[in-house]
Amino acid sequence: MSKLLKIALGIFTSIGGFLEVGAIATTAQAGAAFGFRLIWAVVLGTICVIFLVEMSGRLAAVSRHTIKDALRERFGPRIFLLTLVSDGVINLLVLAAEIGGMSLALQLVTGISFRWWAVPVGFLTWLLLWKGSFSLIENGVSLLGMVAVAFLVGAVMLDPPLNAMVRGAWPSLPTERPVHYWFTAVSILGAAISPYLFYFYSAGAIEDHWDEDEIGVNRAVATVGMSFGAILAIAVLVVAAMVFHPHGIEPERYEQVALLLTSPLGRWGFYLFAATLLVSCLGAALEISLATAYSFAQGLGWNWGEDVRPRDAARFSLVYTVMIALTSLLMVAGIDPLKLTLFSMALTSLTLPIVTFPFLILMNDRDYVGEYGNHWIGNLAVIAISLLASIIALVAIPLQLMGG
Amino acid sequence: MEVGRQILDQQLVDKTGLGVGKVDGIMLELRNGAAPRISAVLTGGHLFARRLHPRLERWARRLTRNWGPGKPEPLRIPWSKVMKIGVDVKVDIDAADAMPWEHWVRDRIIGRIPGSGS
């Protein structure tokens, strides 16, 4: 495969991975409640995730280890299990949110309640993993995900005030409702810095047999892909800030969020929103299920691989099968998908240091990355942003739960 | 001994590159008047559990005996079967005979679902 094609595909995948139910829901909330003032959270989250994705690709290319594999080897069973449990729980919640997102997209179009859609949608997700190949999932779904560009079109058509947007890109203290402000900020950070994203990326790099030659490609893909994803997320925020904020509307349900694009794009906007929600959640659901199965398999030494027949990687296949079944049932039970999404994103922020700190130690260990160790800027950015996100989440989550 | 510390928790693969498990433990042979020598590498879920907490090991054993594939003994691979230590630890055994849980899950659950690729 030519280098250019590789970069292009990689970028598409990263965009697809970035914009999912979490990013859509959190940025829509932020725009509706605070106008442009929380754009900085998207920017900060993107900086952090660019570094982390680049690192996970570099670790795979240089050491031939996935993150989980290296964590187990370097830190032993306890630290490994801590990260496995922490992102296992988060992934379960986020997967439920994605299945909820797909079901809601179908509810919007058909009028039939999302609870009826949860099982069919879960089954479809499972079937794609059961029968599909890694490249089908990686490339097919993320190309479809380009429908999300509708948000960019919508944002441009609404002609937003540029200087207010630029001001919003700089962090500021809240002028009103501080708890809601900080809770929304950490939800955005959690949606941007989803650990499943870099676990998935690192496993993909091993499945594609990367070596040191890929370091440049990897850097380009991580930076450009994640930045494009961030631009789409900012577009969602801008549309919400233009459509909802002036009228004081704060969407409490996805049905209301769906009206985002009808203002700039009319009836088509409604269908484009549903399509974007459906496809981006499907892409994320596939990645989360795989990322969790990878984590178990790589840390415990099982056979793994999306291109292997299920019976040749039985325990690996069992993990995603059980996970999808559980989360589908959770949605059938009728948990509010929007609340679940916002909450699980904030929880992601809270647990970030558990994932990022051991990972950073690996990325500075010459036994693993040799001369390709981290630059101090990358170390500092990831430590600062994940600590900040975690501390704000620690305060904001209980306050939000008590207040809401 | 240094080798022991290095290979603990490394991935074990068989001749064909199939994953066998992780190095969950190492068996040392104590010799009079000489440094101890590694006699075997061990792999098995309850060994992993033991390193977390003894109670977890008891649960893991009970699970394997009562609901799982039976005999809860770790797989013992003699040091002479260790072929190469690199990114993974390559061993001269057949993974097909070495993973009771993998086979249990395959035969009882995954293999029974249509399309698993028999």
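**Exercise 1. How much area do chain B and chain A bury between them, and what percentage of it is on carbon and sulfur atoms?**

*Solution.* Keep in mind as you work that this is a predicted model.

Step 1. Start with the area: chain B and chain A bury about 2500 Å² between them. Of this, 57% is on carbon and sulfur atoms.

Step 2. Next, look at who takes part. Chain B brings 29 residues to the contact, and chain A brings 28 residues.

Step 3. Now turn to the charged pairs. The two chains are linked by 4 salt bridges. One pair to find on your screen is A:R72 with B:D9, where the closest N and O atoms are 2.7 Å apart. That distance fits the salt-bridge cut-off of 4 Å.

**Exercise 2. Find the largest nonpolar core, and describe the surroundings of A:L260.**

*Solution.*

Step 1. The largest nonpolar core has 148 residues. Those with the most contacts inside this core are A:L59, A:I193, A:L260 and A:F273.

Step 2. Which helix gives the most to this core? Helix α11 of chain A, residues 215-243, does so with 17 residues.

Step 3. Zoom in on A:L260, setting aside neighbours within four places in sequence. Its contacts include A:V236, A:V239, A:A240 and A:V243, and also A:F273. A:A28, A:F151 and A:F244 are in contact with A:L260 as well.

Step 4. Do not stop at one core: a second, separate core has 13 residues, among them B:V41, B:V91, B:A95 and B:A98.

Step 5. For background, nonpolar side chains in soluble globular proteins tend to be buried together.

**Exercise 3. Map the nonpolar surface patch, and classify A:V224 as buried, partly exposed or exposed.**

*Solution.*

Step 1. The patch covers about 650 Å². Its members are A:V149, A:L152, A:V153, A:V156, A:M157, A:V224, A:F228 and A:I231.

Step 2. Two or more residues come from each of α7 and α11 of chain A. The largest share, 5 residues, is from α7(A).

Step 3. A:V224 sits in helix α11 of chain A. Its relative accessible area is 34%, so A:V224 is partly exposed.

**Exercise 4. Place A:V147 in the fold of chain A, and decide how exposed this residue is.**

*Solution.*

Step 1. A:V147 belongs to the loop between α6 (134-144) and α7 (149-157) of chain A.

Step 2. With a relative accessible area of 22%, A:V147 counts as partly exposed, because buried means under 20%.

Step 3. Beyond neighbours within four places in sequence, A:V147 is in contact with A:L272, A:A275 and A:T276.

Step 4. Finally, check a distance: 17 Å separates the C-alpha atoms of A:V147 and A:M226, which are 79 residues apart along the chain.

Key: Residues are numbered from 1 along each chain as its sequence is written. Chains are lettered from A and ligands numbered from 1 in the order in which they are written. This is a predicted model: local features need pLDDT of at least 70, side-chain atom pairs count only at pLDDT 80 or more; totals for chains, interfaces and linings use all residues. Side-chain values use heavy atoms; hydrogens and water are left out. A nonpolar core is a set of buried Ala, Val, Leu, Ile, Met, Phe, Trp, Tyr and Cys residues joined through side-chain atoms within 4.5 Å. Buried means under 20% relative accessible area, exposed over 50%, partly exposed in between (1.4 Å probe, protein chains only). Helices (H or I, at least four residues) and strands (E, at least two) are DSSP runs, numbered from the N terminus. Contact means heavy atoms within 4.5 Å. Patches are made of residues with over 30% relative accessible area and no salt bridge: like charges are joined within 9 Å, nonpolar side chains (Val, Leu, Ile, Met, Phe, Trp, Tyr) within 5 Å. Accessible areas come from the Shrake-Rupley method with a 1.4 Å probe; for residues, only the protein chains shown count as cover. A salt bridge is a side-chain nitrogen of Lys or Arg within 4 Å of a carboxyl oxygen of Asp or Glu. Buried area is the accessible area (1.4 Å probe) that two parts lose on being put together, summed over both.
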